[in-house]
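Trainee: Could you take one small part of this model and walk me through it slowly? I'd like to see where it sits and what is around it.

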Amino acid sequence: MAEKEYKQLSCRDAGADCDFLVRAETEEEVMTVAAAHGARVHGMKEVTSELKNKMKSLIKTVTV
Ligand SMILES: [Zn+2]
């Protein structure tokens, strides 16, 4: 059984009381989905470079 590595980011890891979790093959994809979620659910208007860095630091590599 082949295991695969994914990038993962969850709102809980970011300290938010939210069950959102995104898992994708690339960091870019995770960022795109997370930014869309942030805009829709958390009223995040724009992803500043500071926020981007924070999100990137929270991305974990998981093996499924
Ligand atoms: Zn959330």
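**A close look at Lys-4**

Mentor: Sure, let's start with Lys-4, which you'll find in the segment before strand S1 (5–10). Keep in mind that we're looking at a predicted model. Is Lys-4 buried or exposed? Count the other C-beta atoms within 10 Å of Lys-4 and you get 8. A residue with 12 or fewer is called exposed, so Lys-4 is exposed.

Now for its contacts. Leaving out residues up to four places away in sequence, Lys-4 touches Thr-63 and Val-64. His-42 is another story: 38 residues separate Lys-4 from His-42 along the sequence, and in space they are 30 Å apart, C-alpha to C-alpha.

Let's move on to the strands. There's an open sheet of 3 strands here, in the order S2-S1-S3, and the pairing is antiparallel. Strand S2 (21–24) and strand S3 (60–63) are the edge strands, as each of them pairs on one side only. On average, neighbouring strands in this sheet are turned by 35° against each other, ignoring direction.

Look at the pairing between S1 and S3: it's antiparallel and runs over 4 bridges. If you want a spot to find on screen, Gln-8 stands opposite Lys-60 in S3.

Last, there's a helix to add to the picture. Helix H1 (residues 27–41) packs on the sheet and touches S1 and S2. Compare the direction of H1 with that of S2, and the angle is about 150°.

Technical notes. Residues numbered from 1 in each chain as written. Predicted model: local features only at pLDDT ≥ 70, side-chain atom pairs only at ≥ 80, totals over all residues. Helix = DSSP H or I, 4+ residues; strand = E, 2+ residues; numbered from the N terminus. Buried ≥ 20, exposed ≤ 12 C-beta atoms within 10 Å, placed from the backbone. Contact = placed C-beta atoms within 7 Å. Pairing = 2+ DSSP bridges. Axes fitted to C-alpha atoms, helices over the stretch in contact; angles between N-to-C directions.
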